[in-house]
Amino acid sequence: MNKSITRKLILRTLVIICLIIAAYFIIPVSVPIILAGITAFFLEPIVMFFKRKWKMSRKIAVAFIYIMSVIFISIICYFTITQLMSQIIIVSKQAPYYISKISEMWLHMQDNISKYTEDFPAEVSTSLQNTTLDFIKKIEESFLNFFNYTKVTAFFSEIPSLFISLLVYMIVLFLFMLDLPKLKQVTYKYLKPSTAKKMKIISNRLKDAIFGFMKAHLLVSFIIGGVTLVGLLLIQPKYAVTMTLIIWLIDIIPFLGSIIILAPWGLYHLLMGNTSIAVQLFILAVILLIIRRVVEPKMMGDHIGLSTLPTLIAMFIGLQLFGIIGLLTGPFFIILFFALKETGIIKWNFKI
């Protein structure tokens, strides 16, 4: 009896080790397929919503959502590759010119610092000038490293492989979206009835949370877009509509935010001497950041089924532990915990 148990334990251990080794080699080359599966899971609540709302067949609902997703991804890729990257190449080629402009601005700033600190003690004035000089040098070094022409061209050499990965991702995404119910049925065949029931409950909880997350994030993005448009109409009317659209498109992506555009824009005006515009842009960036940090937890809590306090705590702890990914997934871990507790997989009944 003991020998039989030992053999089973050794066999299971060997299987687990083989699976870990296989995952180590397979997962890195299967990223597009894994992402396609995750995306299909995220889009499933929207597919079901369209099926119920407009009485569509699954194929039509999947085709509609898939086309919308392709259009959205295509727009993002267009702006990223054809617009942003072309500008990066131009800037990388003109880096010496911009460095000389920064040097001119540094001389101008140094004159101003000398004027403002002429009544200060000599040690304080010298220390302040040295600190500012070090700061400008770090900006120059960062600028040259970021816009290094070799790095930019090396990135572009990777575009063909990125394009192939994107193509695989889009094809597999459509197939996953189409066959997700069948894949679930196949998975449930290998589960006990009680386990399958628990998995369905957990899956439904996560689906509702994901759909609620998307709705909440979209609503917050529209609020951000409206505030941005009003703010830019007051600050820079000439570029208000264009920059609002760009900021909204970037802000709607969970990993990014409006500050990515407004902070460099404000810094540019500050270095060019347009202090008033720079301060206004920085204030707008802070306002948008406050709106996102205050309104987002409330809307997230309302739409994913958590109160504001645990949502905010989960987002903060997730951010501290795992960065941006933790910020997004923190509330889902809370929902997953409650779902596991509800199904009895986790037993948490104690008194002190």
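## Surface and overall fold

Accessible areas here come from the Shrake-Rupley method with a 1.4 Å probe. By that yardstick, the chain in this predicted model has an accessible surface of about 23,300 Å², and carbon and sulfur atoms account for 73% of that surface. Of the 352 residues in the chain, 29% are buried.

The secondary structure is easy to summarise: the chain has 13 helices and zero strands. Followed along the sequence, the pattern reads α-α-α-α-α-α-α-α-α-α-α-α-α. As for how the chain meets itself, take the contacts between residues at least 6 apart in sequence: 64% of them join residues at least 24 apart.

## A nonpolar patch on the surface

Let us start with helix H1, which spans residues 2–29 and includes Phe25. Phe25 belongs to a nonpolar patch on the surface, together with Ile10, Leu14, Ile17, Ile21, Tyr24, Ile26 and Val29. Together, these residues offer about 870 Å² of accessible area.

Is Phe25 itself buried or exposed? Its relative accessibility is 57%, so Phe25 counts as exposed; the cut-off for that label is over 50%.

## The salt bridge

How many salt bridges does the structure hold? The answer is one, and it pairs Arg58 with Glu44, whose closest N and O atoms are 2.8 Å apart. This pair links distant parts of the chain: Glu44 sits in helix H2 (residues 31–54) and Arg58 in helix H3 (residues 58–93), with the two partners 14 residues apart.

In general, side chains of opposite charge can pair when their charged atoms come close. Here, both Arg58 and Glu44 are buried.

## Aromatic pairs

Turning to the rings, a search of the whole structure finds six aromatic pairs. One of them joins Phe49 and Phe50 in an edge-to-face arrangement, at 6.0 Å centre to centre and with 85 degrees between the planes. Phe49 also pairs with Trp54: the ring centres are 6.2 Å apart and the planes stand at 85 degrees, so this pair is edge-to-face.

Which label does each Phe in the Phe49–Phe50 pair receive for accessibility? Phe49 counts as partly exposed because its relative accessibility is 29%, whereas Phe50, with a relative accessible area of 15%, is buried. The cut-off for buried is under 20%. Finally, ring pairs link Phe49, Phe50, Trp54 and Phe64 into a cluster.

Technical notes: Residues numbered from 1 in each chain as written. Predicted model: local features only at pLDDT ≥ 70, side-chain atom pairs only at ≥ 80, totals over all residues. Heavy atoms only, no water. Salt bridge = Lys/Arg side-chain N within 4 Å of Asp/Glu carboxyl O. Helix = DSSP H or I, 4+ residues; strand = E, 2+ residues; numbered from the N terminus. Buried < 20%, exposed > 50% of the residue type's maximum accessible area, 1.4 Å probe, protein only. Patch = residues over 30% accessible without salt bridge, like charges linked within 9 Å, V, L, I, M, F, W, Y side chains within 5 Å. Contact = heavy atoms within 4.5 Å. Phe/Tyr/Trp six-rings, centres within 6.5 Å; stacked < 30°, edge-to-face > 60°.
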